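Q: Please take a close look at one part of this structure, the small sheet in the first chain, and then place that part in its wider setting.

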Amino acid sequence: MAVADKGLSGASAGSSILNDERYRSVFYQIVVFGLIAWTGYYLIANTANNLQSRGMSVGLDFLSGEAGFSIAWSLLEFKPNDSYFWVYLIGITNTLIVSFIAIILTTILGFFVGIMRLSSNWLVSNLAGWYVEILRNTPLLLQIIFWYLGVFSLLPRPKQSLDFGGAELFFLNNRGFYMPKAVPGELFWITVIAILVAIAGAIYLTHRSNRIQEATGEYHSAFWPSLALLIGLPLAVFFASGSPLGFEIPALKGFNFRGGGRIPPAMCALLIALVIYHSSYAGEMVRAGIMSVSHGQTEASYSLGLKPSWTMRLVIIPQAMRAIIPPMISLWMNVVKNSSLAIAIGYPDIVSVFMQTSLNQSGHAIEIVAMVMLFYMTVSLSISAALNVYNKHVQLKER
Amino acid sequence: MTDIQAPSDRELLIFKPKPSQPPPPATTGLIGWLRMNLFSSVSNTLLTVIGFYLIYLVASAVNHWGIELAVWNADTRRECLDQSPYGACWAGVFVWFNRFIYGRYPDLEQWRVSLTWVIFAAWMAPVWFPRVTSKVAIGLSAILIYPFLAGYFYLGGERNWFMEIMVSVAILSFVLCWAHVLLCLITGRGLGTTIISLSGYAGKHDKTHKYPIIAFGAVGFVIVYALISGWTLKEIGTNNWGGLFLTLVISGIGIAFALPAGIVLALGRRSKMPVIRVVCVAFIELLRSVPLITVLFMATTMFPLFLPEGLVFNKLASAIVAVCLFSAAYMAETVRGGLQAINKGQYEAAAAIGLGYWPMMALIIMPQALKLMIPNIVGSFIGLFKDTTLVSIIGLYDMLGMIKAVSQNPQWIGLHHEPLVTAAMIFFIGCFAMSKYSRHLEKKLGQGDRR
Amino acid sequence: MKKLSLLGLGAGLIAAVAFSAAPAQAESTLDIVKKRGHLRCQIGTPAPGFYNLKKDGSWVGSDVAVCRAVAAAIFDDPNKVEFQSVTSTVRFTALANGESDFLSRTTTWTLYRDTQLGLTFTTVNFYDGQGFMVPKDSGINSALDLKGATVCVLTGTTTELNLTDFSRTNKLDIQPVVFEDSNVRNETYLKGGCDAITNDKSGLASNKAGFPDPGAHTILPETISKEPLGPMVRKGDGQWFDIVRWTVFALVAAEEMGINQGNVASLAANPTSPEMARMLGKEGDLDKGLGLPKDWVVRVIGAVGNYGEIYGKYMGSKSPDGIGIARAGSQNDLWTKGGLMYAPPFR
């Protein structure tokens with residue numbers, strides 16, 4: 001008993017200061033802090049020394065220097081005489097756009113795969129099973145190269161482009177997917193505001209309908225009024241302000257199509273590879289989530305007289321979501337991080353244009369690596385902050 | 001039938017069910033199975049047809065390229081192209097296969113690498129044998145002592161006193177492990193018990209039992225030490241390492257480092273000491289939020305600046321450090337997940353029986369947590385194994401790096417697809433086997449929890 | 001405790017493998033190399049002709065031959081070299097921090113690199129220039145026809161910058177597609193993903209040789225940049241600089257004087273001219289300043305052959321390792337035949 005007492009309350013009489021848990025913990029912390037501080041000092045001192053002996057400088061001045069190279073594709077406009085800082089922003093937007101689209105498609109495809117895995121059809125569930133196994137067990141880098149070389153390079157050359165719909169608006173060839181680009185006119189901002197107002201209105205309508213249902217038990221669907229508001233208001237405002245939107249149509253000039261919007265093949269391949277690879281993980285998450293809801297829930301809701309579709313929507317899915325969302329969000333983080341493999345097929349993401357090309361040209365390794373890491377950290381930390389908020393929201397309220 | 005013909009009074013009271021009707025022919029046998037599983041409804045039939053069509057498309061394309069039009073025998077890529085420009089050139093894979101597996105490791109010395117793989121398999125195999133005792137000791141010795149033996153086999157060259165001792169210890173441990181295993185299998189008694197009874201200490205006090213064992217070990221050590229003292233292997237520098245061998249070295253060290261470091265970090269993250277907690281959280285979050293490729297870039301471009309002048313960190317070491325840090329951060333989160341799943345009552349019960357922090361963790365919490373985490377741990381191992389391919393981007397000659405190098409050989413220039421397909425198959429086999437085994441292990445260890 | 005010991009073990013292992021003694025400031029590079037017993041020579045990631053792997057895993061190529069030549073001069077053994085194959089991103093760091101003794105890889109001599117990196121170029125051993133390759137049936141006959149074209153380019157070198165400069169100067173509005181891997185670049189080009197490839201012309205020639213139908217592609221006449229490639233050393237060690245530089249000169253001078261791998265031994269015994277006698281160590285003491293043995297040139301030529309032999313083996317079209325770049329009339333021919341290969345007198 002005496003031994004147990006000592007272990008539990010370190011300050012009990014008779015034990016020396018060495019065995020006091022509070023002093024020990026302070027001591028450990030000082031040691032750890034000292035070690036970290038010393039390592040930090042040592043590394044910084046070495047770095048400073050090395051930089052000096054090689055005549056290199058540290059600072060963000062290089063960011064305003066002219067980059068001097070071109071970037072194959074960017075969401076924002078880029079010219080070779082733009083600065084390195086602009087290259088950084090171009091890299092960020094390129095990474096974000098490809099990750100954003102990939103995340104949305106991954107989630108949708110993941111649900112399909114998960115449901116297919118649970119299919120009663122033997123062939124379908126097995127196919128889905130092998131789909132998951134093959135994709136999960138081969139390196140993503142190989143898959144990206146496969147999609148790029150094996151699929152997207154096989155598209156026809158510009159002169160033999162595939163013309164979707166035959167209207168000479170959408171073209172697909174090995175230089176990319178071309179489509180008309182919207183060019184907003186002067187008064188277009190009014191329409192944008194109308195869209196925002198409509199979204200806010202739709203949210204309000206849904207909330208009100210929920211409130212009424214909770215208070216009185218009567219259910220008034222807010223779906224149709226919301227839809228009418230979302231479509232009607234922007235359209236009305238758009239035409240009222242004189243249709244301020246033009247389209248730039250792509251057309252073949254010289255080697256390539258000019259004008260219009262373009263998605264390069266590297267981006268298509270990267271998107272498809274990211275989506276397909278991560279959907280295999282998402283599919284397993286969805287399957288596990290749905291399986292985690294006890295069958296008793298289904299039976300209970302049937303016995304209450306709910307239709308199967310309602311059972312799925314109101315009983316099963318909300319509970320499955322609690323198990324699906326947290327791993328799904330860390331999967332989203334992985335999508336953002338894995339988009340950095342774009343470097344292998346020449347999609348100009350942040351690692352490719354900033355960490356590779358800019359670093360080679362300017363030689364400012366420390367600043368560039370730090371800036372790229374800062375970007376990824378910001379994205380990841382904001383995603384995980386969102387995850388924490390959600391987790392708090394849906395946590396089982398145990399009484 | 002005879003019973004009915006000669007009924008007795010007692011038997012008449014027993015209820016005799018009629019033999020049940022055979023199931024309708026459409027629900028049994030092949031047809032029944034097909035109807036149940038493939039064609040149960042119109043939509044299911046449609047799905048089945050689409051599924052079969054997909055399989056046909058993939059299989060015929062693979063067959064066309066990989067078998068029908070393939071070239072199996074050629075000396076250069078040009079010969080391949082001349083024979084069949086649109087088929088696979090498997091000849092290139094055969095010619096270069098050794099390079100894909102061993103990198104630039106000299107042909108005459110490759111037996112060393114293969115031998116260490118065999119030794120590892122032989123060392124770990126007894127863990128799966130029935131009737132063998134002290135499996136934990138065998139497993140631990142394989143994990144803790146084997147790396148020295150493998151490291152020496154890979155590197156070769158002169159040994160300093162430390163390596164001399166460690167290599168002797170490793171060889172001795174391996175021999176003793178197998179002696180123990182054989183004794184267990186044949187006589188049913190372990191090595192320790194056998195030594196004790198042979199030396200006549202069996203009747204003496206338990207505390208004296210360790211003396212003959214220590215003596216035996218010391219004698220063995222001296223013999224091994226004397227035997228290997230004149231023996232050296234040719235030195236092979238790390239810049240000759242490559243191929244699958246390098247992939248395994250990097251991911252092996254990464255995995256071996258990740259688990260203990262991940263446990264320490266996860267415990268630190270749950271620690272009550274704020275400084276330690278902040279440090280661990282910062283480390284984990286920083287490394288988990290950036291892609292491995294940025295960590296690798298940092299390792300190659302920034303590590304040289306961190307070191308004092310005159311000290312050089314080679315490329316392989318930088319990559320290994322980067323992979324270790326990265327995988328430790330991921331493992332920490334996996335371990336944390338396992339720790340969170342442990343009921344608070346377990347901690348309280350451990351404290352109640354007077355266990356301190358480390359005994360509580362080692363004896364009560366970790367065994368339970370690790371068991372829960374097995375699928376996730378194996379998942380991170382698979383992830384690490386796959387991610388190791390990224391070191392080819394920073395110029396190391398892992399399997400992808402070797403493939404790239406081969407495609408630049410003037411005689412084989414452009415040979416690219418076939419080696420990549422081969423690499424994909426090798427990775428698939430390795431990862432698939434690991435994940436299947438983890439599922440098996442999960443089931444086996446989870447037997448106690450089943451209701 | 002077990003975990004802690006494991007941690008310590010891991011750290012110890014890595015430390016044992018990782019750290020290797022690097023040059024102390026006072027010692028000369030030659031002394032360090034001699035003490036180590038082998039040379040550490042930095043080459044690039046495989047590039048046909050310059051450095052690539054043979055089936056037995058050994059390195060071959062023209063830049064590799066320079067490494068071997070220096071090793072032969074010091075140790076009389078061309079195999080006492082540890083080749084360090086390094087990506088272009090970290091090549092200068094790896095030389096500057098002492099990881100390699102010198103750099104023999106396709107690195108263009110520029111003012112910036114020669115003056116601001118703490119490194120210096122020794123001499124030029126290959127004159128290259130950036131060009132374009134297009135399919136023959138494209139109807140393009142000049143780089144100026146590439147207006148609006150998509151051009152495939154590798155990242156990480158000056159190639160990318162030269163392309164942009166060329167496009168801006170001539171208002172061509174070229175769209176670059178940047179790759180990290182030359183196989184992916186080549187296949188993109190072959191399947192029509194870009195209209196042209198740009199690279200150093202030697203690289204274009206060797207890549208073309210690997211295409212399924214090499215005859216269907218042509219290298220345009222324009223050379224849009226000067227790419228003098230040569231070995232680099234750290235600044236501050238004059239003797240080491242001279243050793244590397246004069247080893248390359250010896251290769252060129254040997255070709256000029258007709259000394260080759262086959263006849264070097266007999267010519268060393270009976271030189272046909274006073275300069276040859278001086279160069280091969282029969283007369284004079286030209287080796288003094290270099291700190292090499294008297295017969296160092298004999299060793300070099302005996303080990304790797306003269307410049308012409310090396311070129312023929314790795315760049316020419318006759319040998320199996322060659323990549324088929326004609327030498328006659330090019331800048332890489334001897335100065336006596338109208339080229340730029342010129343060695344100062346051995347005197």
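A: In this predicted model, a good place to start is A:N173, whose bridge partner in β3(A) is A:G176. That bridge belongs to the pairing of β2(A), residues 170-173, with β3(A), which is antiparallel and runs over three bridges. The connection between β2(A) and β3(A) is a hairpin through two residues.

On to the next pairing. β3(A), residues 176-179, also pairs with β8(A), again in the antiparallel sense and over three bridges. Here A:F177 has A:I263 of β8(A) as its bridge partner.

These pairings are part of an open sheet of four strands in chain A, with the order β1-β2-β3-β8 and antiparallel pairing. The edges are taken by β1(A), residues 162-164, and β8(A), residues 261-263; each has a single partner strand, so one side of each is left without a neighbour in the sheet. On average, neighbouring strands of the sheet are turned by 20° against each other, direction ignored. In general, strands of a sheet pair through backbone hydrogen bonds, in either a parallel or an antiparallel way.

The chain around the sheet comes next. Chain A contains 12 helices and eight strands. Its C-alpha atoms fill a box of roughly 90 × 80 × 50 Å along the principal axes. The radius of gyration of chain A is 28 Å, where a compact globule of 399 residues would have one near 21 Å. Buried residues account for 34% of the 399 residues of chain A. Of the contacts in chain A between residues at least 6 apart in sequence, 64% join residues at least 24 apart.

One helix pair of chain A can be described in detail. Helix α3(A), residues 84-117, and helix α11(A), residues 350-362, have axes that come within 8 Å and cross at roughly 160°. With angles over 145 degrees counted as roughly antiparallel, α3(A) and α11(A) are therefore roughly antiparallel to each other. On the α3(A) side the contact consists of A:Y84, A:V87, A:Y88, A:I90, A:G91, A:I92 and A:T95, which meet A:I350, A:V353, A:F354, A:S358 and A:S362 of α11(A). By class, the residues of this contact are eight nonpolar, four polar and no charged.

Chain A also touches the other two chains. Towards chain B, 47 residues of chain A are in contact with 44 residues of chain B. On the chain B side, α4 (42-68), α14 (274-289), α15 (292-306), α18 (357-387) and α20 (417-445) each supply at least two residues. That side of chain B divides into 29 nonpolar, 12 polar and three charged residues.

Towards chain C, 31 residues of chain A are in contact with 28 residues of chain C. The elements of chain C that give two or more residues to this side are α6 (158-169), β11 (175-179) and α7 (182-190). Among these, β11(C) provides the largest share, five residues. The side of chain C that touches chain A has eight nonpolar, 12 polar and eight charged residues.

Chain B, for its part, has 20 helices and one strand. Its C-alpha trace spans about 100 × 80 × 55 Å along the principal axes. The radius of gyration of chain B is 30 Å, whereas a compact globule of 451 residues would have one near 22 Å. In chain B, 37% of the 451 residues are buried. Among contacts in chain B between residues at least 6 apart in sequence, 64% join residues at least 24 apart.

A last element involves elements from chains A, B and C. In helix α19(B), residues 399-406, eight of the eight residues are buried, so this helix is largely enclosed by the rest of the structure. The buried residues of α19(B) are B:M399, B:L400, B:G401, B:M402, B:I403, B:K404, B:A405 and B:V406. Their cover includes α5 (140-151) of chain A. From chain B it includes α6 (90-102), α13 (243-269) and α20, and from chain C it includes β3 (52-53) and α7. Two of these covering elements have appeared above: α20(B) supplies at least two residues to the side of chain B that touches chain A, and α7(C) gives two or more residues to the side of chain C that touches chain A.

Terms used
Residues numbered from 1 in each chain as written. Chains lettered and ligands numbered in written order. Predicted model: local features only at pLDDT ≥ 70, side-chain atom pairs only at ≥ 80, totals over all residues. Rg over C-alpha atoms; globule rule 2.2 N^0.38 Å. Buried ≥ 20, exposed ≤ 12 C-beta atoms within 10 Å, placed from the backbone. Contact = placed C-beta atoms within 7 Å. Axes fitted to C-alpha atoms, helices over the stretch in contact; angles between N-to-C directions. Parallel < 35°, antiparallel > 145°, perpendicular 65-115°, else oblique. Nonpolar A, V, L, I, M, F, W, Y, C, P; charged D, E, K, R; others polar. Pairing = 2+ DSSP bridges.
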